[in-house]
Amino acid sequence: MSGNIYVIAGPSGVGKGTVLKKVLKLDKNLALSISATTRKPREGEVDGVNYYFVTRERFDEIIAEDGFLEYAEYVGNRYGTPLQPVLQKAEEGYDVILEIEVQGCMQVMEKLPNAKGIFILPPSMKELESRLRGRESETDEVIKKRLETAKVELGYVNKFDYFVVNDTVQNAANRIIRIIESNR
Ligand code: ADP
Ligand code: 5GP
């Protein structure tokens with residue numbers, strides 16, 4: 001039996017990475033899709049674990065080979081979901097999670113009508129900004145752009161099947177697990 005596919009979005013800094021790490025630890029029937037990106041690795045990020053870090057040229061080649069399920073540009077860099085691993089994991093029976101921005105979510109939900117969308121919301125915009133700054137991984141200018149993008153992204157909430165507020169990591173993780181279990 002094949003697994004379900006989930007696209008999970010939410011503004012930069014809302015805690016998607018942190019919450020999903022917990023979700024994946026609690027539920028062993030989940031597989032996280034590893035994206036390709038042209039962004040430079042952050043401190044501690046590992047190629048092939050967090051992302052496949054590629055050049056713009058390689059990214060274009062993968063597009064030409066029809067190798068992406070979806071791809072998008074986000075604050076000056078490109079991000080894409082390699083198609084084959086998603087199909088393979090779903091065929092093996094795993095529920096597959098794609099942590100991607102909203103344009104990519106729209107593409108996936110159009111291509112795969114059974115895919116479900118989950119949007120993660122911050123408790124407030126003020127808290128979002130403070131998490132983004134607290135991460136200390138981007139310059140002021142990039143943080144500003146990411147916050148502007150966040151406001152645009154929040155306009156897409158109603159296109160998603162579920163929304164989850166990330167007040168505490170444990171609460172948000174439990175909410176996501178309940179959604180996934182209810183669809184099994
Ligand atoms: P995203 O993947 O959505 O960009 P991250 O997972 O990198 O966000 O989280 C951004 C920052 O917010 C990190 O420093 C993280 O530790 C912190 N964070 C995540 N979830 C919470 C939460 N529920 N409460 C407080 N801080 C959080
Ligand atoms: P970051 O640079 O913070 O890792 O990611 C920036 C944004 O790109 C986040 O909203 C993240 O969800 C999104 N993203 C990561 N991988 C992909 C992908 O493969 N496709 C798309 N469309 N967005 C992605």
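Modeller: A polar contact is a pair of N or O atoms within 3.5 Å. Keep that cut-off in mind. This is a predicted model.

Biologist: What makes the pair between ligand 1 and Gly-17 a polar contact?

Modeller: An oxygen atom of ligand 1 lies 2.9 Å from a polar backbone atom of Gly-17. That distance is within 3.5 Å, so the pair is a polar contact.

Biologist: Which side chains make polar contacts with ligand 1?

Modeller: Arg-131 and Arg-135 are among them. A polar side-chain atom of Arg-135 is 2.7 Å from an oxygen atom of the ligand. For Arg-131, a polar side-chain atom is 3.3 Å from a nitrogen atom of ligand 1. Both values are within 3.5 Å, so both pairs count.

Biologist: How much of ligand 1 does the protein bury?

Modeller: Ligand 1 taken alone exposes 570 Å², and the protein buries 73% of that.

Biologist: Which residues surround ligand 1?

Modeller: There are 14, and the closest are Gly-13, Lys-16, Thr-18, Arg-135 and Asn-166. Each has a heavy atom within 4 Å of the ligand, which is why it counts as near. Helix 1 gives the most to this shell, with 3 residues. By class the shell has 3 nonpolar, 7 polar and 4 charged residues.

Biologist: Now ligand 2. What makes Ser-35, Glu-101 and Arg-146 its polar partners?

Modeller: Ser-35 has a side-chain N or O atom 2.6 Å from an oxygen atom of ligand 2. Glu-101 has one 2.6 Å from a nitrogen atom of the ligand. A polar side-chain atom of Arg-146 lies 2.8 Å from an oxygen atom of ligand 2. These distances are within 3.5 Å, so the three pairs are polar contacts. The protein buries 96% of the 510 Å² that ligand 2 exposes when taken alone.

Biologist: Which residues come nearest to ligand 2?

Modeller: Of 16 around the ligand, the nearest are Arg-39, Tyr-51, Tyr-79, Glu-99 and Glu-101. The shell divides into 5 nonpolar, 4 polar and 7 charged residues.

Biologist: Why is the space taken by ligand 2 called the largest pocket?

Modeller: A molecule sits in a pocket if more than half of its atoms lie within 2 Å of the pocket's grid points. Ligand 2 is assigned to the largest pocket, so it meets that test. Strand 5 (68-74) and strand 6 (77-82) are the elements that give two or more residues to the shell around ligand 2. The space taken by ligand 1 is the largest pocket too.

Biologist: What volume does the largest pocket have, and which residues are closest to its centre?

Modeller: The volume is about 1,100 Å³. Of the 37 lining residues, Lys-16, Gly-17, Arg-42, Tyr-51 and Glu-99 are closest to the centre. Two or more residues each come from helix 1 (16-26), strand 5, strand 6, helix 5 (125-134) and helix 6 (140-154). Helix 1 gives the most, with 6. The lining has 13 nonpolar, 12 polar and 12 charged residues.

Biologist: And where do strand 6 and helix 6 give two or more residues to another lining?

Modeller: In the second largest pocket. Its volume is about 220 Å³. It is lined by 13 residues, with Arg-39, Asn-77, Glu-138, Val-142 and Arg-146 nearest its centre. What makes each a lining residue is an atom within 4 Å of a grid point. They divide into 5 nonpolar, 3 polar and 5 charged across the whole lining.

Terms used:
Residues are numbered from 1 along each chain as its sequence is written. Chains are lettered from A and ligands numbered from 1 in the order in which they are written. This is a predicted model: local features need pLDDT of at least 70, side-chain atom pairs count only at pLDDT 80 or more; totals for chains, interfaces and linings use all residues. Side-chain values use heavy atoms; hydrogens and water are left out. A polar contact is a pair of N or O atoms within 3.5 Å; within protein, one must be able to donate a hydrogen and the other to accept it, and residues adjacent in sequence count only if both atoms are side-chain atoms. Accessible areas come from the Shrake-Rupley method with a 1.4 Å probe; for residues, only the protein chains shown count as cover. On a 1 Å grid over the protein atoms alone, a cavity is a set of points where a 1.4 Å probe fits but cannot get out, and a pocket is an open set with protein on both sides within 12 Å along at least five of seven lines; lining residues have an atom within 4 Å of a point. Helices (H or I, at least four residues) and strands (E, at least two) are DSSP runs, numbered from the N terminus. Ala, Val, Leu, Ile, Met, Phe, Trp, Tyr, Cys and Pro count as nonpolar, Asp, Glu, Lys and Arg as charged, and the others, Gly among them, as polar. Grid points are joined across faces, edges and corners, and a volume is the space filled by probe spheres set on the points.
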